[in-house]
Every structure is written in C-alpha cells, then in structure tokens.
Amino acid sequence: MTIAERLGIANQGAHKLYTTTLAAIPALEVAEYRAEQAERLDALLAKANEVLAAGHVVIQHGRVVMQDGKPVRDHGPVLDAIKTVLAIEKQRAELFEFKVPVKQQIQTAQTVTSFKDGDLDDLRQRRITRPIPGQWHPNG
C-alpha cells in the first residue's frame with residue numbers, strides 16, 4: 001500500500017506533502033534521514049538480490065515438479081525480485097532527488113494508417129509474399 005493510499009489522497013498530494021515536510025526539516029536532519037533510508041534500502045536490495053541468485057523450482061502438492069528428470073524452474077520469484085529491485089532503485093532515486101525525464105517528444109515524418117483485423121492480416125500476408133522493391137526480404 002502506498003503512502004497516498006494510506007492517507008487517502010492522490011499520489012501528487014502525497015508527493016507534495018512529502019516534499020513540503022522534507023523542506024521543513026533542517027538540512028542536517030535531511031542528510032541523516034537520507035543516510036538511514038539509504039541503509040534500509042541497501043538491506044532490502046541485498047535481500048532481493050539473494051532471491052535473484054537463488055535457484056527456484058516449481059512445487060506442486062508439496063513436491064518438486066520434474067520434466068525430463070530435471071526440476072522445472074520457477075521464474076515467478078525471480079520476476080518478483082526484479083520488480084522489487086526496480087522499486088528500490090526508484091525509491092533511492094526519489095530519496096536523493098535524481099530527476100529522470102519521464103516523457104520524450106519524438107517527431108517523425110511517417111504516416112499512420114488504421115486497419116481492421118482482417119485488413120492487417122491481409123497486409124501481413126502481402127508483406128511476406130510480395131517484398132517491397134529495394135528492401136531486404138527473407139523470401140528474396
């Protein structure tokens with residue numbers, strides 16, 4: 001549960017409350033707070049990395065699932081650990097006020113055409129059977 005959810009406010013409101021509160025704390029206390037939080041995040045990151053490094057297998061009804069005589073790997077815990085690592089890194093970036101651009105504007109001189117499902121399938125088929133002149137194509 002996020003801080004915003006706990007307080008019953010929007011994420012922007014929670015962020016504003018956080019930055020306002022942080023600005024009111026003297027700089028030395030902010031540095032102490034950041035050091036303590038960084039230490040806590042380091043400990044959490046170490047645990048998440050342990051999960052990433054561990055071998056996970058699928059268990060059903062209390063037994064290891066086997067395929068061709070080998071245990072079936074369970075990727076779920078690894079994917080969850082990756083999400084956790086990314087969340088910790090995001091927290092660290094926010095803690096130290098790293099600003100990362102969220103949006104980029106890209107301009108291009110391409111035309112976008114809308115297709116219905118049948119039209120798109122037809123286009124894919126024509127692309128496979130009739131290559132565009134001058135472009136590489138797997139069918140020659």
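## Helix packing and two odd loop residues: worked exercises

Asp-68 has a relative accessible area of 76%, so it is exposed. Keep that residue in mind for Exercise 4. One caveat before you start: this is a predicted model.

**Exercise 1. Work out how many helices and strands the protein has, and how they follow one another along the sequence.**

Step 1: Count the elements. There are 5 helices and 4 strands.

Step 2: Put them in order. Reading along the sequence gives α-α-α-β-β-β-β-α-α.

Step 3: Add some whole-protein numbers. Of the 140 residues, 11% are buried. Take the contacts between residues at least 6 apart in sequence: 44% of these join residues at least 24 apart.

**Exercise 2. Find how the span of α3 compares with the one expected at 1.5 Å a residue, and which of its residues are buried.**

Step 1: Get the length. Helix α3 has 27 residues, and the expected span is 39 Å.

Step 2: Compare that with the model. From first C-alpha to last, α3 reaches 38 Å, which is close to the expected value.

Step 3: Look for burial, using under 20% relative accessible area as the cut-off. In α3, this picks out Val-30, Arg-34, Gln-37, Ala-38, Leu-41 and Ala-48.

Step 4: Ask what sits over them. The cover for the buried residues of α3 includes α2 (11-24) and α4.

**Exercise 3. Describe how α3 packs with α4: what are the angle, the distance between axes and the handedness?**

Step 1: Pick the descriptors. Two packed helices are described by the angle between their axes and the distance between those axes.

Step 2: Fill them in. Helix α3 (residues 27-53) packs with helix α4 (residues 76-95) at about 165°, and the axes are 9 Å apart.

Step 3: Classify the angle. Anything over 145 degrees counts as roughly antiparallel, and α3 and α4 are therefore roughly antiparallel to each other.

Step 4: Add the handedness. The crossing of α3 past α4 is left-handed.

Step 5: Check who meets whom. On the α3 side the residues include Tyr-33, Leu-41, Leu-44, Leu-45 and Leu-52, while α4 brings, among others, Pro-77, Ile-82, Thr-84, Val-85 and Ile-88. Sorted by type, the residues of this contact are 15 nonpolar, 4 polar and 3 charged.

Step 6: Zoom in on one pair. Thr-84 is in helix α4, and its C-alpha is 8.9 Å from that of Leu-44, although the two are 40 residues apart along the chain. With 38% relative accessibility, Thr-84 counts as partly exposed.

Step 7: Try a pair that starts outside α3. Ala-54 is in the loop between α3 and β1. Its C-alpha is 9.3 Å from that of Pro-77, which is 23 residues away along the chain. At 32% relative accessibility, Ala-54 is also partly exposed.

**Exercise 4. Look at the backbone of His-61 and Asp-68: what sign does phi have in each, and where do they sit?**

Step 1: Recall the background. Most residues other than glycine have a negative phi.

Step 2: Check His-61. Its phi is positive, about 55°, although it isn't a glycine.

Step 3: Place His-61. You'll find it in the loop between β1 (59-60) and β2 (63-64), and at 83% relative accessibility it counts as exposed.

Step 4: Check Asp-68. Here too phi is positive at about 55°, and again the residue isn't a glycine.

Step 5: Place Asp-68. The loop between β3 (66-67) and β4 (70-71) holds it, which takes us back to its exposed status at 76%.

Technical notes
Residues are numbered from 1 along each chain as its sequence is written. This is a predicted model: local features need pLDDT of at least 70, side-chain atom pairs count only at pLDDT 80 or more; totals for chains, interfaces and linings use all residues. Side-chain values use heavy atoms; hydrogens and water are left out. Axes are lines fitted to C-alpha atoms, for helices over the stretch in contact, and angles run from 0 to 180 degrees between N-to-C directions. Helices (H or I, at least four residues) and strands (E, at least two) are DSSP runs, numbered from the N terminus. Angles under 35 degrees count as roughly parallel, over 145 as roughly antiparallel, 65 to 115 as roughly perpendicular and the rest as oblique. A crossing is left-handed if the near helix is turned anticlockwise from the far one by less than a right angle, and right-handed if clockwise. Contact means heavy atoms within 4.5 Å. Ala, Val, Leu, Ile, Met, Phe, Trp, Tyr, Cys and Pro count as nonpolar, Asp, Glu, Lys and Arg as charged, and the others, Gly among them, as polar. The expected span of a helix is 1.5 Å times one less than its number of residues. Buried means under 20% relative accessible area, exposed over 50%, partly exposed in between (1.4 Å probe, protein chains only).
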